[in-house]
Amino acid sequence: MSDKKLRIIPLGGLGEVGKNMMLYEYGKNILIVDTGLMFPENDMLGIDYIIPDFEYLNDKADLVRGIIITHGHEDHTGAISHVLEQVNAPIYATPLTRGLIEVKLARNGLLDKAQLNTVQAGDTIQVGPFTVELFHVCHSIPDAVGLGITTPAGLVVHSGDYKFDHTPVDGWPTDYAKLADLAGRGVLVLLADSTNSDRPGWTPSEKVIDPAFREVFHNAEGRIIVASFASLISRMQQVGNAAIEHGRKMAFVGLSMVENAKMALKLGYLDLPDDLMISLDEALRMDPRQVVLMCTGTQGEPTSIMGRLSTGTNRQFDILEKDTVVLSSHPIPGNEESVYRTINRLFRRGAKVIYEAIAPVHVSGHASQEEMKLLLHLVKPKYFIPIHGELRHLKQHAEIARQLGTPDENIAVIENGQVVEFQDDEMRVTERVPGGYVFVDGAGVGDIGPSVVREREALARDGFVLVNLTLDHDSCNLLEEPEIITRGFIYKRDGDDLLENTRSLVKKAVDCGNGVQTDLEQTVKSFLYNKTKRRPMVFVTLSRT
Ligand SMILES: [Zn+2]
Ligand SMILES: [Zn+2]
C-alpha cells in the first residue's frame, strides 16, 4: 500500500458556470488545470468579475509544477494574471490559447515574467510526477484540448470543454482514437464537462450556422452588425466567408475583437484574404450594403459596443434604419434579462435583430446528453466526476453515468473546495478547502466581500435613510430637530407623514447611553419596515456641540 494519494481539488467551475480551475496534487506536487474567471450575476452590483479563491495555494505556491490551459475562453484563462501573482510556474498552452493569454498578460504587464510554453494537441509533457497527454477536442474555439494525465495513482481523463462535431469549421474533429487509446490503458477517473447535461440529443455542428448566415446576408438591406464573443474565432471565419460570398467588406470593432483577430490571422487560425478586411473608419464611409461589422457585447453588458449602440451612446457610429444586427451567442445563465432588454432597444432604434431564438445563428460548443454517453463509453472510466456546471448540471450528468451502468458509489458529485482522494484504486471524498468567490472590483482584488455586495444590494433595492442628530455635549439633549435624509427609499410627497413620525420616534428614543447609534438604527429600521415592508439601510450620525 502506498502512502501517497492523488488529490483532486476543484477551486472553481463545480456548482457554477464559469471560473474553472482544478488542482491535481500528488505528494508535494501540484498541477493546475485552467485559471478562469466568471462574470457577475445581475445582483452582484459593481463587481467587474469573479475569480476562484486560491487560498489553498497560499503556503503551497512553490509546489506548483505547471499550469495547463485547455483553451482560450475567459472562463478558463481569465484569472491567469491573478494566479501568476501568487504562483511562478510554467504555463502550457496550444498556440491560439497561448496567443489569447499573451494578449491578456501584456495588458497586465506580466508578459515578461510569465514562463509560457507552446504545446500541440498530440504532445506529451512531463509536469512533476504527472505525464500529460494533450488530445484535440472540438469546442467553440479552435485549438482546444482535453488531457490524459498519468499519475502514480492511475490515469485521469480531463475532458475540458468539448463537443463531438463531425463537421467543425476548422475541419479538425475530436480525437476519438486517443480517447480509445486511453481507455485501453484503463482510466481511473473521468472528469467531464457538464454544461449541457440537461439538453437531450446531440449538439448541432457549427456547420448549421453557415446557411443561417447566408440567409441573413441574402436578406439584409443595409449594414450587417454581428455581435459575438471576442474569442469566438470560428465565428469570425464564418462571418468572413459569408462576407466574401456576398461581396461585403468586413471590419472588426473594439479592442479585444481587433487584437484577437489580428493574433488569430498571424497564427493561421483565421483564414481571410487581406482585401476583405477594412478599418472601421473605411467601413463607415462605405455604402451600408457593402459592409459587415463584427463587435462584442452579446450578453447585454451596458458598456459593450452592442450595449452602447442599443442606448444610442456609442461614440463612433449609431444604429441606422435598415441595419441588421445578429447576436451570435447564447445568453450566459443569469444574463437573459439584460440580453432581451438590449434586443428590445435595438429594435426600437430601427434595427432588424436576429438572435438564437429566431434563427440558428449560434450553436453551443458543449456536448449534449448523447455525446456525454459517447464519451463515457469511449473512456470507460472506473470513477466519474462531473465538472463545469451548476449543481443541477452535475447531478444530471451523474444520472447519465448511472444510466450507463456506473455504480452510484463510483460517482462523486462535488462542488468547489471539496477534495477527492484516490489511493489504491479507491475513491474517497474528504475534506473541504476554501472554494468561494473572490470579487474583483475596479483595481481591488478580494477587498470586496459578500457583505459589501449584500450592502450594495440592500441600497439598490430599498435605498437609505440618514438620521442626523445634533446633541448638547454635556446634557445629551437634542439641540435641533433631527434631520432625516432619504435616497431611493420613498417618494417625498408620500413620505412626509412617515418621515414626521420617524422624527418623533427618534426624538423620544434619543438618550446618552452607549450604543445609541446602533440601537437607534435598529429602532428606525424596524419602525420603517413595519410601516412600509421595505428595508432601507439606516444610518444615524451624531454631532455633539
Ligand atoms: Zn469554453
Ligand atoms: Zn468553459
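**Dialogue on a predicted model with two zinc ions**

Ser231 lies in the loop that runs between strand 13 (224-227) and helix 6 (233-245). The model discussed here is predicted.

Student: Is Ser231 buried or exposed?
Tutor: The relative accessibility of Ser231 is 12%. A residue counts as buried when its relative accessible area is under 20%. Ser231 is therefore classed as buried.

Student: Which residues does Ser231 touch, not counting those up to four places away in sequence?
Tutor: Sequence neighbours up to four places away are set aside in this list. The residues that Ser231 touches are then Gly72, His73, Ile141 and Asn260.

Student: Which protein atoms are the donors of the zinc ion (ligand 1)?
Tutor: The donor residues follow the spacing H-x1-H-x65-H-x21-D in sequence. Their distances from the zinc ion (ligand 1) are 2.1 to 2.3 Å. The donors are His71 (NE2), His73 (ND1), His139 (NE2) and Asp161 (OD).

Student: How is the site of the zinc ion (ligand 1) classed, given angles of 89 to 170° among its 4 donor atoms?
Tutor: Four donors count as tetrahedral only if all angles lie between 85 and 135 degrees, and the square planar class requires opposite donors over 155 degrees apart with all others between 65 and 115. At this site the angles among the 4 donor atoms span 89 to 170°. The site is classed as irregular.

Student: Which residues coordinate the zinc ion (ligand 2)?
Tutor: The donor residues have the sequence spacing D-H-x84-D. The coordination distances are 2.1 to 2.2 Å. The residues are Asp75, through OD, His76, through NE2, and Asp161, through OD.

Student: How many residues apart are His76 and Asp161?
Tutor: His76 is in helix 1, whereas Asp161 is in the loop between strand 11 (154-158) and helix 4 (176-184). His76 is buried, with a relative accessible area of 0%, and Asp161 is buried at 2%. The pair links distant parts of the chain, with a separation of 85 residues.

Student: Which residue coordinates both zinc ions?
Tutor: The zinc ion (ligand 1) and the zinc ion (ligand 2) are 3.3 Å apart. The residue that coordinates both is Asp161.

Student: Which strands stand at the edges of the open sheet with the order 4-21-22?
Tutor: This sheet has 3 strands with antiparallel pairing. Each edge strand has a single partner strand, so one side of each is left without a neighbour in the sheet. The edge strands are strand 4 (49-52) and strand 22 (444-445).

Key:
Residues are numbered from 1 along each chain as its sequence is written. Chains are lettered from A and ligands numbered from 1 in the order in which they are written. This is a predicted model: local features need pLDDT of at least 70, side-chain atom pairs count only at pLDDT 80 or more; totals for chains, interfaces and linings use all residues. Side-chain values use heavy atoms; hydrogens and water are left out. Donors are N, O and S atoms within 2.8 Å of the metal (3.2 Å for Na, K and Ca); water is not among the atoms, so sites may look incomplete. Four donors count as tetrahedral if all angles lie between 85 and 135 degrees; four count as square planar and six as octahedral if opposite donors are over 155 degrees apart and all others between 65 and 115; anything else is irregular. Helices (H or I, at least four residues) and strands (E, at least two) are DSSP runs, numbered from the N terminus. Buried means under 20% relative accessible area, exposed over 50%, partly exposed in between (1.4 Å probe, protein chains only). Contact means heavy atoms within 4.5 Å. Two strands pair if DSSP finds at least two bridges between them.
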